[in-house]
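Visitor: Please give me a close look at a single part of this model, the surroundings of the ligand. I am a first-year student, so take one step at a time and connect each step to the next.

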Amino acid sequence: MTKRTPFIAGNWKMNLDHLQAIALIQKLSWTLSDADHDFSKVEVCVFPPFTDLRSAQTLIEAEKFELKLGAQDLSKHDSGAFTGEVSGAFLSKLGVGYVLIGHSERRQYHAETDEVVRDKVAAAWRHNLVPVICVGETLEELETEGQSAVPVRQTLAALAGHETLGEFVIAYEPVWAIGTGKVATPAEAEAVTKAIRASLKESFGDEVAQSRILYGGSVKANNVAGFLASGEVDGVLVGGASLDAEEFAGIARLQKHIVL
Ligand code: PGA
């Protein structure tokens with residue numbers, strides 16, 4: 001089995017203006033370089049709001065930080081009369097490499113259906129962005145359908161109907177664990193990750209099944225190691241704890257807690 005590079009993603013959500021973004025990125029990068037963090041062993045990516053991206057890009061390039069840059073969303077269209085939307089083309093130009101798609105907050109508050117998610121995945125690939133496709137079940141779905149059914153269904157829906165597949169990352173985030181302090185157990189995260197991987201293998205073959213699958217939902221420095229320990233979960237998508245440089249650096253330094 002090929003060894004997948006762990007991916008630590010910080011989803012800032014609608015927090016921090018561009019000046020605060022500069023301060024956080026500086027502190028995070030210095031904290032990690034002081035700790036001799038090896039970015040080739042554990043990839044670290046921040047997902048600030050759109051308005052912070054240009055400042056973040058300038059800083060990362062000027063200081064030669066190894067931190068990766070991501071966006072929280074993109075339009076399914078490339079350009080045109082879509083007021084308020086942001087094209088993948090613009091994100092690419094800003095040095096953005098990854099884009100979150102179908103986060104549960106967008107599915108819930110912005111009516112993003114599986115179809116919209118799939119179209120946005122296609123848009124990401126058209127602009128050389130790696131989509132981080134977020135999937136996960138609500139508490140109600142957990143009770144009626146069990147834990148894996150919805151994440152597997154959402155994963156396959158996002159990847160259906162494309163002529164060819166580009167690189168992608170799946171982020172399994174149980175909706176009931178996001179921002180609630182309720183965390184899935186490592187065993188639960190592992191079971192769902194395995195189910196997603198098995199469905200990728202069945203539908204698309206071995207190579208696609210080697211895509212990275214992350215866990216997200218109330219991840220902190222003190223619980224990250226449990227999720228990565230089995231080798232099934234390839235990283236974490238972190239919300240609240242990514243706004244604190246020390247805490248997020250602690251999460252990124254997970255190799256200090258476990259042998260990878
Ligand atoms: P949380 O958010 O870490 O604050 O639970 C995770 C996410 O929404 O990506």
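Guide: Helices and strands here are DSSP runs, a helix having at least four residues and a strand at least two, and they are numbered from the N terminus. The model is predicted.

With those labels, start at serine 218, in the loop that runs between β7 (212–216) and α9 (224–228). Serine 218 is one of the residues closest to the ligand; the others are Lys13, His103, Glu173 and Gly179. In total, 13 residues surround the ligand. Sorted by class, this shell has 7 polar, 4 nonpolar and 2 charged residues.

Next come the atoms themselves. An oxygen atom of the ligand lies 2.7 Å from an N or O atom in the side chain of lysine 13. Glycine 179 takes part through its backbone: one of its polar backbone atoms is 2.7 Å from a ligand oxygen. At glycine 240, a polar backbone atom is 2.8 Å from an oxygen atom of the ligand. Taken alone, the ligand exposes 280 Å², and the protein buries 95% of that area.

Return now to serine 218 itself. Its relative accessibility is 13%, and the cut-off for buried is under 20%, so serine 218 counts as buried. The side chain of serine 218 also reaches the backbone nitrogen of glycine 181, at 2.9 Å. The backbone of serine 218 deserves a note as well: its phi is near 55°, a positive value in a residue other than glycine. As background, most residues other than glycine have a negative phi.

Leucine 16 can be read in the same way. Its phi is near 75°, again positive in a residue that is not glycine. Leucine 16 lies in the loop between β1 (7–11) and α1 (18–34). With a relative accessible area of 25%, leucine 16 is partly exposed, because that label covers values between 20% and 50%.

Strand β1, which comes before that loop, holds alanine 9. Alanine 9 has a relative accessible area of 0% and is therefore buried. Its C-alpha atom is 17 Å from that of arginine 106, and 97 residues separate the two along the chain.

Arginine 106 leads to the empty space in the model. In general terms, rolling a probe the size of a water molecule over the atoms shows where empty space is left. The largest pocket has a volume of about 490 Å³. Its lining consists of 19 residues, and Met14, Gln72, Asp73, Arg106 and His110 lie nearest its centre. Helix α4 (residues 104–109) supplies the largest share of the lining, 3 residues. By class, the lining has 7 nonpolar, 7 polar and 5 charged residues.

Two further residues show how the chain brings distant positions together in space. Phenylalanine 65 is in the loop between α2 (53–63) and β3 (68–71). Its relative accessible area is 15%, so phenylalanine 65 is buried. From phenylalanine 65 to isoleucine 25 the C-alpha distance is 9.1 Å, with the two residues 40 apart in sequence. Alanine 249 belongs to helix α10 (residues 245–252). Alanine 249 is buried, its relative accessible area being 1%. Alanine 249 and tryptophan 30 are 219 residues apart along the chain, while their C-alpha atoms are 9.6 Å apart.

To return to the part you asked about: the ligand has 13 residues around it, and the protein buries 95% of the area it would expose alone. Serine 218, one of the closest of those residues, is itself buried.

Methods: Residues are numbered from 1 along each chain as its sequence is written. This is a predicted model: local features need pLDDT of at least 70, side-chain atom pairs count only at pLDDT 80 or more; totals for chains, interfaces and linings use all residues. Side-chain values use heavy atoms; hydrogens and water are left out. On a 1 Å grid over the protein atoms alone, a cavity is a set of points where a 1.4 Å probe fits but cannot get out, and a pocket is an open set with protein on both sides within 12 Å along at least five of seven lines; lining residues have an atom within 4 Å of a point. Grid points are joined across faces, edges and corners, and a volume is the space filled by probe spheres set on the points. Ala, Val, Leu, Ile, Met, Phe, Trp, Tyr, Cys and Pro count as nonpolar, Asp, Glu, Lys and Arg as charged, and the others, Gly among them, as polar. A residue is near a molecule or strand if one of its heavy atoms lies within 4 Å of it. A polar contact is a pair of N or O atoms within 3.5 Å; within protein, one must be able to donate a hydrogen and the other to accept it, and residues adjacent in sequence count only if both atoms are side-chain atoms. Accessible areas come from the Shrake-Rupley method with a 1.4 Å probe; for residues, only the protein chains shown count as cover. Buried means under 20% relative accessible area, exposed over 50%, partly exposed in between (1.4 Å probe, protein chains only).
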